[in-house]
Amino acid sequence: MRFVKKDILDIESLEPHEISMILDTAQGMKEISERPVKKVPTLRGKTIVLFFQEPSTRTKLSFDIAAKRLSADSISLSKSSSSIVKGETLIDTARNLEAMNPDIIVLRHSSSGAAHLIAKRVNASVINAGDGIHAHPSQALLDMMSVREIKGEIKGLKIAIIGDIAHSRVARSDITGFSKMGAEVFICAPGTMIPMGIEKLGCTISPDIETCVKGADIIMMLRIQKERQDNILFPTEREYAQLFGLNMARLNLAKKDVIVMHPGPMNRGVEISSEIADAECSLILEQVTNGVALRMALFYLVAGGGRNAGSN
Ligand code: CP
């Protein structure tokens, strides 16, 4: 099977066999990070630009570490250190990056569609590291990798996603990805945080958090994205925690071997209690570990590794 995608822009454009190939490749990459010398020569001579126009801890660092573990040269550019602050457009910025002949551009941007826009204008592969409220494909892929690793397969699982669905690119990519891979996805949020037509991505809206988590194999909690909300969408954080926060009583409604996930950053005491965030059933830090392997796999595959299987 060959991997022929130039760009990774969203989960919609990936076929289930391509998702499986990415997850298999990432699983193979994971062992490299456990070696005493965490580096292989696979992408020596390749140049990767990490262009992050929004803050990031996990995504930016793990893409950077992934590039270095594969021996690629990675260069970081932020909004405040770029000529965007002098009025240069995103397209002109991308064309100037292209003039320096990078192999891969990783873009995080506050506007939905930004990664698609530059992918059409540059020869380099573009990986979307999160665009507005639209998509965060590498997060969804690492979430699928983490679930598949612990549960054996995704098909048939009940996945509950709870939180600010309306402003969450992670929610959209996770709903699409998990439903594509055969899971049953249920969501729950205040009415003001459920976007119109979200069911079309492949999920069912639960009337309350208790119904949503009942019998769940996986519970995914999301933070409230205040930075993307124009108006206050809930009365107080205290009330939100009472109605939509994950606590022990609600966790006990799920399957006995339930796994709790969160893409981070967490707001402890709001969407998730500290007791659960740090409990044995929490996969939150393993998600971060898998993020490095998953992003190594994306670099390897878009750089042509999947077209020359066996020649790594
Ligand atoms: N999950 C995630 O995207 O985290 P960061 O914003 O820290 O990258």
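In this predicted model, the largest pocket holds about 380 Å³ of space. Its lining is made up of 21 residues, and those nearest the centre of the pocket are Arg108, Arg169, Arg223, Gly264 and Pro265. Helix H2 (58–69) and helix H6 are the elements that give two or more residues to this lining. Sorted by class, the lining residues of the largest pocket are 5 nonpolar, 9 polar and 7 charged.

The position of the pocket follows from the domain layout. The domain assignment divides the chain into domain 1 (16–136 + 289–303) and domain 2 (137–283). Because both domain 1 and domain 2 give residues to the lining of the largest pocket, the pocket lies between them. The C-alpha centres of the two domains are 26 Å apart, and their contact takes 30 residues from domain 1 and 25 residues from domain 2.

**Enclosed space**

The model also has 2 cavities of 30 Å³ or more. Where does the largest cavity lie with respect to domain 1 and domain 2? Both domains give residues to its lining, so the largest cavity, like the largest pocket, lies between them. The residues that line the largest cavity are Arg58, Ser62, Gln139, Leu142, Pro263, Ile284, Gln287, Val288, Gly291 and Arg295. Helices H2, H5 and H11 (284–302) each give two or more residues to that lining; H11 gives the most, with 5 residues. Helix H2 thus appears in the lining of the largest pocket and in the lining of the largest cavity.

The second largest cavity is lined by Ile224, Lys226, Glu237, Asn267, Val270 and Glu271. The volumes and lining classes of the two cavities are as follows.

| Cavity | Volume | Lining by class |
|---|---|---|
| Largest cavity | about 60 Å³ | 4 nonpolar, 4 polar and 2 charged residues |
| Second largest cavity | about 30 Å³ | 2 nonpolar, 1 polar and 3 charged residues |

**The sheet and its helices**

An open sheet of 5 strands is present, with parallel pairing and the strand order S7-S6-S5-S8-S9. Which strands stand at the edges of the sheet? They are S7 (204–205) and S9 (259–261); each has a single partner strand, so one side of each is left without a neighbour in the sheet. The partner of S9 is S8 (residues 218–221), which runs parallel to S9 and is joined to it by 3 bridges. Within this pair, Met220 has Met261 of S9 as its bridge partner.

Helix H5 (residues 137–151) packs on the sheet and touches S8 and S9, its direction making about 165° with that of S9. Besides packing on the sheet, H5 is one of the elements that give two or more residues to the lining of the largest cavity.

Helix H6 (residues 169–180) lies across strand S5 (158–162), strand S6 (184–188) and S8. The angle between H6 and S6 is about 155°. S8 is thus touched by H5 and is also among the strands that H6 lies across. H6 in turn gives two or more residues to the lining of the largest pocket, and Arg169 is one of the residues nearest the centre of that pocket.

Conventions: Residues are numbered from 1 along each chain as its sequence is written. This is a predicted model: local features need pLDDT of at least 70, side-chain atom pairs count only at pLDDT 80 or more; totals for chains, interfaces and linings use all residues. Side-chain values use heavy atoms; hydrogens and water are left out. Two strands pair if DSSP finds at least two bridges between them. Helices (H or I, at least four residues) and strands (E, at least two) are DSSP runs, numbered from the N terminus. Contact means heavy atoms within 4.5 Å. Axes are lines fitted to C-alpha atoms, for helices over the stretch in contact, and angles run from 0 to 180 degrees between N-to-C directions. On a 1 Å grid over the protein atoms alone, a cavity is a set of points where a 1.4 Å probe fits but cannot get out, and a pocket is an open set with protein on both sides within 12 Å along at least five of seven lines; lining residues have an atom within 4 Å of a point. Grid points are joined across faces, edges and corners, and a volume is the space filled by probe spheres set on the points. Ala, Val, Leu, Ile, Met, Phe, Trp, Tyr, Cys and Pro count as nonpolar, Asp, Glu, Lys and Arg as charged, and the others, Gly among them, as polar. Domain bounds come from an automatic or database domain assignment.
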